[in-house]
Amino acid sequence: DSVLRCELFAIWRGLVLAWENGYRQVICETDSLEAYLITQTSNMAMNQDTRDIQANIIDILHWDWTARIQLVQREANSVADSMAKEAAMAQHDYVEWIVPQPSLVSLIRMDSSVLHFNKHSEDRCSLVIDI
């Protein structure tokens, strides 16, 4: 269940960061089917360990913006997968990078050929924690 909690925390934190940075049209991508399904219902999770984060995600999705969670294939999330692995190796409970790690630059360039960040069109918030 700690993996699911990490997945949900990453979704919640990504949405908070998008909001704080002024994005008002956001798609948050996850490759975790279980996390995705939990965010799509207002029924509280069976697991007490994830109810608080589920409630926070459902709440933030109803703020004054257009935000949704989208399920993607794991192969489509190479940057986030790499970030999760680096964070796990660093053995920190929480890692937030302001500047991309050098090992991520080529993956980001590859992904940026597909994703375009523009505050006036549909913004993307791509998040995955694979621990």
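In which loop does Ser32 lie? Ser32 is located in the loop between S1 and H2, where helices (H or I, at least four residues) and strands (E, at least two) are DSSP runs numbered from the N terminus. The model is predicted, with local features requiring pLDDT of at least 70 and side-chain atom pairs counted only at pLDDT 80 or more, while totals for chains, interfaces and linings use all residues. Residues are numbered from 1 along each chain as its sequence is written, and side-chain values use heavy atoms, with hydrogens and water left out.

Ser32 has a relative accessible area of 10% and is therefore buried; buried denotes under 20% relative accessible area, exposed over 50%, and partly exposed the range in between (1.4 Å probe, protein chains only). The side chain of Ser32 reaches the backbone nitrogen of Ala35 at 3.1 Å. Apart from neighbours within four places in sequence, Ser32 is in contact (heavy atoms within 4.5 Å) with Glu7 and Leu71.

Leu71 also belongs, together with Leu33 and Leu37, to a nonpolar patch on the surface with about 270 Å² of accessible area. Such patches consist of residues with over 30% relative accessible area and no salt bridge, with like charges joined within 9 Å and nonpolar side chains (Val, Leu, Ile, Met, Phe, Trp, Tyr) within 5 Å; areas come from the Shrake-Rupley method with a 1.4 Å probe, and for residues only the protein chains shown count as cover. Leu37, found in helix H2, is partly exposed at 48% relative accessibility.

The largest nonpolar core (buried Ala, Val, Leu, Ile, Met, Phe, Trp, Tyr and Cys residues joined through side-chain atoms within 4.5 Å) holds 17 residues, of which Leu8, Ile11, Leu15, Ile57 and Trp65 touch the most other members. Two or more residues are given to this core by each of H1 (2–20), S1 (25–30), H2 (33–39), H3 (48–61) and S2 (66–71). H1 supplies the largest share, 6 residues. Not counting residues up to four places away in sequence, Trp65 touches Leu15, Ala18, Trp19, Tyr23, Arg24, Val26 and Ile60.

The structure contains 2 salt bridges, defined by a side-chain nitrogen of Lys or Arg within 4 Å of a carboxyl oxygen of Asp or Glu. One joins Asp49 and Arg5 (4.0 Å, N to O); because Asp49 lies in helix H3 and Arg5 in helix H1, this pair ties together parts 44 residues apart in sequence. Arg5 also meets Asp52 in a salt bridge (3.0 Å, N to O), and this pair links helix H1 to helix H3 across 47 residues. Arg5, Asp49 and Asp52 are thus linked in a network of salt bridges. Partial exposure is found for Arg5 at 27%, Asp49 at 32% and Asp52 at 39%.

How values were computed. Polar contact = N/O pair within 3.5 Å; in protein donor to acceptor, adjacent residues only side chain to side chain.
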